[in-house]
Amino acid sequence: MIKRSTLFITTLYNRPRVRVLALTLLYLAIVLGLIALYGKGDFSTPPFIYQGY
Amino acid sequence: MPVLNEMKPPSTLHLWSAFFAFCVIAVLLGGLDWYTASAAGAALPRLEAISLQSIVKAKDASVAFQRAAAAQSNTVLLYGSSELNARTRYRAGVFFSDAPTGFYVLSVGRPGTTSLIILQKLASLGTALQGKKVALSISQPWMNEQIPRASYYDGNFYIQNASALIFQPALSLDLKRAAAERMLYYENTLERDPVALLGAQLLVSNTPGHNALYYALLPLGMLDNLVYRFQDDAETLQLIQRLPTVRERVRPEKGPIDWEREAAKAAEQFRAESASNPYGMSDKQWQKLYANYLTDPHLRWIDKTFKQRMLGALEWEDLELTLRALQELGAKPLLLSMPLPRQYWQDLGVSPSVQDLYYQRLASLAQKYNVPLRDFHEHADDLEFMNDPMAHLSPKGWVYYDQALDAFYHDALQ
């Protein structure tokens with residue numbers, strides 16, 4: 001079973017189209033992960049006491 | 001994909017994957033930017049009617065709203081400071097929220113916003129300001145301090161706008177250098193973005209080698225700005241989702257406004273709130289602050305110090321840079337300024353002839369850049385025009401501002 005599955009995946013991965021698709025999804029996942037981790041903008045300003053105008 | 005099947009060696013496949021992933025990300029971010037622009041444009045009319053402080057602050061930070069307003073032909077952008085947060089229906093943003101004469105006003109500014117902050121906001125819009133009508137509301141108290149207060153600058157500083165100014169390709173190197181020099185007065189604010197800080201330092205160094213390094217850094221700075229733009233889009237979309245429902249203002253009829261009638265109505269409304277003092281100031285402000293100014297000897301002025309401080313204020317330099325930037329970006333500016341309540345300032349120790357130096361200096365700057373100016377100095381003795389002496393308009397004062405903005409939009413300024 002495991003042997004057959006490995007063979008199936010290897011065969012599949014050797015096909016250029018599948019390989020490109022898999023790699024594209026991997027790259028997208030990495031970029032989206034980075035955006036989720038670091039993408040939030042911090043546009044806050046320090047507090048200040050307004051004293052006149 | 002026959003191309004892929006024929007490719008040898010197969011190790012180049014990862015380059016294709018990277019290219020496809022890049023395309024997908026670019027389409028997604030482009031879609032986010034487009035969607036934010038249309039959502040921000042649709043939210044503009046109801047934005048001004050909301051006075052919740054959290055919303056006002058987030059609106060002030062959002063560049064997407066300003067960009068959406070700049071893209072619409074029926075909008076005037078109004079930049080200023082605390083006066084733009086007045087709670088009166090005569091405030092321009094609210095007054096024009098149903099476009100009674102065919103246009104809206106997006107007001108941008110919070111307490112303590114001065115010209116250098118406004119310059120950065122304008123730079124973040126870049127060429128979107130080409131041909132756009134932009135009004136600046138100038139507060140005379142900005143010029144009462146030699147260097148604008150660091151706490152006020154910090155409190156209104158947005159790193160994405162500062163970075164946009166430092167790496168704005170539509171602005172001349174000379175202008176960016178002068179602006180960077182001023183921004184480095186508050187160097188700690190730039191430390192949040194090492195690329196922007198380095199860019200500012202390289203600009204200020206102004207040697208051939210440093211200029212070359214600046215140009216080498218420019219692509220990275222522009223990439224930085226692109227990231228800020230997408231972050232701003234995401235923040236703006238979140239803000240739009242948080243916007244409360246507001247009741248739309250409906251006037252009985254649209255068309256030309258009877259300005260005299262509006263001014264009389266506004267004055268009547270304010271009269272009841274300003275009966276406790278001989279200067280026509282808001283009772284609340286009078287009791288809280290301005291009665292004490294007259295009696296406390298430490299808060300009084302003399303002509304000499306007022307003249308020295310006012311004429312030597314760095315704020316003039318910042319205002320000039322802002323006008324230069326508007327000129328370089330191809331915008332059509334209007335300068336608005338609130339008058340100094342003459343009698344109050346005289347009782348504080350500043351004679352009318354010295355007060356007039358402010359109007360003269362402002363007029364000469366406007367003339368230098370060929371910018372129309374309405375300073376309302378003829379209302380310096382009008383006790384119903386100002387809410388208080390620190391550049392806050394009364395409802396009647398706002399009617400006059402509105403009238404000037406209306407004439408500005410319709411090319412009817414005299």
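A nonpolar core is a set of buried Ala, Val, Leu, Ile, Met, Phe, Trp, Tyr and Cys residues joined through side-chain atoms within 4.5 Å. In this predicted model, the largest such core has 95 residues. Chain B and chain A bury about 2,900 Å² between them, and a search over all chains finds 17 salt bridges. The points below cover the cores, one enclosed helix, the interface, the salt bridges and two buried polar residues of chain B.

**Nonpolar cores**

- Leu136(B) and Leu190(B) are the residues with the most contacts inside the largest nonpolar core.
- Leaving aside residues up to four places away in sequence, Leu136(B) touches Tyr79(B), Ile118(B) and Thr322(B). The contacts of Leu136(B) also include a series of leucines, namely Leu319(B), Leu323(B), Leu326(B), Leu334(B), Leu335(B) and Leu336(B).
- Another core, of 29 residues, lies apart from the largest one. Among the residues of this second core are Leu84(B), Phe385(B), Phe408(B) and Tyr409(B).

**An enclosed helix**

- Helix H8 of chain B spans residues 159-166, and eight of its eight residues are buried, so the helix is largely enclosed by the rest of the structure.
- The buried residues of H8(B) include Ile159(B), Ala162(B), Ala164(B), Leu165(B) and Ile166(B). Gln160(B), Asn161(B) and Ser163(B) are buried in H8(B) as well.

**Interface between chain B and chain A**

- The contact involves 41 residues of chain B and 25 residues of chain A.
- Of the area of about 2,900 Å² buried between the two chains, 63% is on carbon and sulfur atoms.
- There are zero salt bridges between chain B and chain A, and one residue pair is in polar contact with both residues at pLDDT 80 or more.
- On the side of chain B that touches chain A, at least two residues each come from helix H1 (2-6), helix H2 (13-47), helix H7 (150-156), helix H12 (208-242) and helix H14 (283-295).
- H2(B) supplies the largest share of that side, nine residues.
- By type, the residues of the side of chain B that touches chain A are 20 nonpolar, 13 polar and eight charged.

**Salt bridges in chain B**

- Asp33(B) and Arg229(B) meet through their side chains in a salt bridge, at 2.9 Å from N to O. Asp33(B) belongs to helix H2 and Arg229(B) to helix H12 of chain B, so the pair ties together parts that are 196 residues apart in sequence.
- Asp33(B) counts as buried because its relative accessibility is 18%, under the 20% limit. Arg229(B), at 30% relative accessibility, counts as partly exposed.
- Lys133(B) and Asp411(B) form a salt bridge in which the closest N and O atoms are 2.9 Å apart. Lys133(B) is in strand E3 (residues 133-138) and Asp411(B) in the segment after helix H19 (395-409) of chain B, with these positions 278 residues apart in sequence.
- The two partners differ in exposure: Asp411(B) is exposed, with a relative accessible area of 63%, whereas Lys133(B) is buried, with a relative accessible area of 13%.
- The side chains of Arg271(B) and Glu384(B) also meet in a salt bridge, at 2.9 Å from N to O. Arg271(B) lies in helix H13 (residues 259-271) and Glu384(B) in the loop between strand E5 (373-374) and strand E6 (386-388) of chain B, so this pair ties together parts that are 113 residues apart in sequence.
- Arg271(B) is partly exposed at 45% relative accessibility, and Glu384(B) is partly exposed at 22%.
- Arg271(B) and Glu384(B) are linked with Asp382(B) and Lys396(B) in a network of salt bridges.

**Two buried polar residues**

- Gln285(B) is in helix H14 of chain B and is buried, with a relative accessible area of 17%.
- Not counting residues up to four places away in sequence, Gln285(B) touches Tyr290(B), Asn387(B) and Asp388(B).
- Ser139(B) is placed in the loop between E3 and H7 of chain B. Ser139(B) is buried, with a relative accessible area of 1%.
- The side chains of Ser139(B) and Ser81(B) are joined by a polar contact of 3.4 Å. Beyond four places in sequence, the residues that Ser139(B) touches also include Glu83(B), Met338(B), Tyr358(B) and Ala391(B).

Terms used
Residues numbered from 1 in each chain as written. Chains lettered and ligands numbered in written order. Predicted model: local features only at pLDDT ≥ 70, side-chain atom pairs only at ≥ 80, totals over all residues. Heavy atoms only, no water. Buried < 20%, exposed > 50% of the residue type's maximum accessible area, 1.4 Å probe, protein only. Helix = DSSP H or I, 4+ residues; strand = E, 2+ residues; numbered from the N terminus. Contact = heavy atoms within 4.5 Å. Buried area = accessible area lost by both parts, 1.4 Å probe. Salt bridge = Lys/Arg side-chain N within 4 Å of Asp/Glu carboxyl O. Polar contact = N/O pair within 3.5 Å; in protein donor to acceptor, adjacent residues only side chain to side chain. Nonpolar A, V, L, I, M, F, W, Y, C, P; charged D, E, K, R; others polar.
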